[in-house]
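Visitor: I would like a close look at a single part of this structure, with the criteria behind each term spelled out. Please take me through it in one connected account.

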Amino acid sequence: MSRPRDAHASHAYEASPLWMRARDRLLSAFSGADPRVCAAFWLFGLINNVLYVILLSAALDLVGPDLPKGIVLLADIVPAFVTKLVAPYFIHAVPYWVRVIIFVGLSVLGMLIVATSPSYTEGGTIDSKIVGIVLASFSAGGGELSFVGLTHFYGPFSLAAWSSGTGAAGLVGAGVYVLATTAWGFSVQSTLWASAGLPFIMALSFFVILPTSAPHVGGYRELERSEYPDDDDPEIGRREEQQGLLGVAAPWTDAHKDADVFRTYMWLDRFAANLQRLKRLFVPL
């Protein structure tokens, strides 16, 4: 009895305007998403990366025409890289609310140092500006570690919102800096002063917008001790290959072979499978 009704509903859906179908698919894709969680993590991604973009956009104004602009790039990237390399071994011992306060403080202090340093036209040196850029970079590196880890407690929509915010940071940072220093007529120092207030949006997102009452695990489940995988079990590697990016499973070797031969074959086998995946990314045949 329900089949004609289902067929009629399907026909009505196909006859609906394209924009309505697109709207319905978009709404279904965000079904179950918490707007506060999405807004908070989008702002996390935006603010955590926008200062990096603003500083790169201001590179010429900061160092002048006589020094290589790569100095600003290195000062903006290397500290964040070192932070992401070292901090995972101890940052879990610091509560998230303490981390946010530290990140906001470092970012604000770094931007204020850059903004208050004399420009090259006034005879100022680049040393103090580099110190400010390094502080902001440490904050960005620690923020990326912390907020990506925080997505574990808020489900896959939080990770999608974070990624979207980081992507928007490039457009927003470069666009606002160009508009402020050209169309709106602000000086470089005034623009950097205003940028020093942006990290407070990160604190607002964490302490006000983000739901803090019992963060839930959406789409994730903590493993029991008995479910922990055995790194020495070759079957684990086989399942990883079968569940790879494009589902290309590598042929498997006999479990009774010598251990050294087995490891060599397994490494070559995985290498060949990775090459096959890479090929299919560019030649989907």
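Guide: What follows is a close look at helix α7 and its surroundings.

The model is a predicted one, in which local features need pLDDT of at least 70 and side-chain atom pairs count only at pLDDT 80 or more, while totals for chains, interfaces and linings use all residues. Residues are numbered from 1 along each chain as its sequence is written, and side-chain values use heavy atoms, with hydrogens and water left out.

As a frame for the close view, the protein chain has twelve helices and zero strands, where helices (H or I, at least four residues) and strands (E, at least two) are DSSP runs numbered from the N terminus. Of the 285 residues in the protein chain, 32% are buried; buried means under 20% relative accessible area, exposed over 50%, and partly exposed in between, with a 1.4 Å probe and protein chains only. Among contacts (heavy atoms within 4.5 Å) between residues at least 6 apart in sequence, 75% join residues at least 24 apart.

Helix α7 covers residues 127-150, and lysine 129 has its place there. Lysine 129 is buried, its relative accessible area being 2%. Two backbone oxygens face polar atoms of the lysine 129 side chain: that of leucine 62 lies 2.8 Å away, and that of proline 118 lies 3.3 Å away. For reference, a polar contact is a pair of N or O atoms within 3.5 Å; within protein, one must be able to donate a hydrogen and the other to accept it, and residues adjacent in sequence count only if both atoms are side-chain atoms. Leaving aside neighbours within four places in sequence, lysine 129 is in contact with Leu62, Val114, Ser117, Pro118, Ser119 and Tyr120. Isoleucine 113 is 16 residues from lysine 129 in sequence, and the two are 6.4 Å apart in space, C-alpha to C-alpha.

Further along helix α7 is serine 139, which counts as buried at 1% relative accessibility. Its side chain is joined to that of serine 107 by a polar contact of 2.6 Å. With neighbours within four places in sequence set aside, serine 139 is in contact with Asn48, Phe103, Leu106 and Ser107. Alanine 80, 59 residues away from serine 139 in sequence, is 7.5 Å from serine 139 in space, C-alpha to C-alpha.

The pairing of α7 with α6 can be described as a whole. Two packed helices are described by the angle between their axes and the distance between the axes. Here α6 and α7 pack at an angle of about 155°, with their axes 8 Å apart; axes are lines fitted to C-alpha atoms, for helices over the stretch in contact, and angles run from 0 to 180 degrees between N-to-C directions. The two helices are therefore roughly antiparallel to each other, given that angles under 35 degrees count as roughly parallel, over 145 as roughly antiparallel, 65 to 115 as roughly perpendicular and the rest as oblique. The crossing in which α6 passes α7 is left-handed, a term used if the near helix is turned anticlockwise from the far one by less than a right angle, with right-handed used if clockwise.

Helix α10 also meets α7. The buried residues of α10 (residues 199-209) are Pro199, Met202, Ala203, Ser205 and Phe206. Seen down the axis of α10, these residues fall within an arc of 155°, so they line one face of the helix; the arc is that of the directions from the helix axis to the C-beta atoms. The partners against which the buried residues of α10 pack are α3 (35-57), α6 (96-116), α7 and α9 (188-195).
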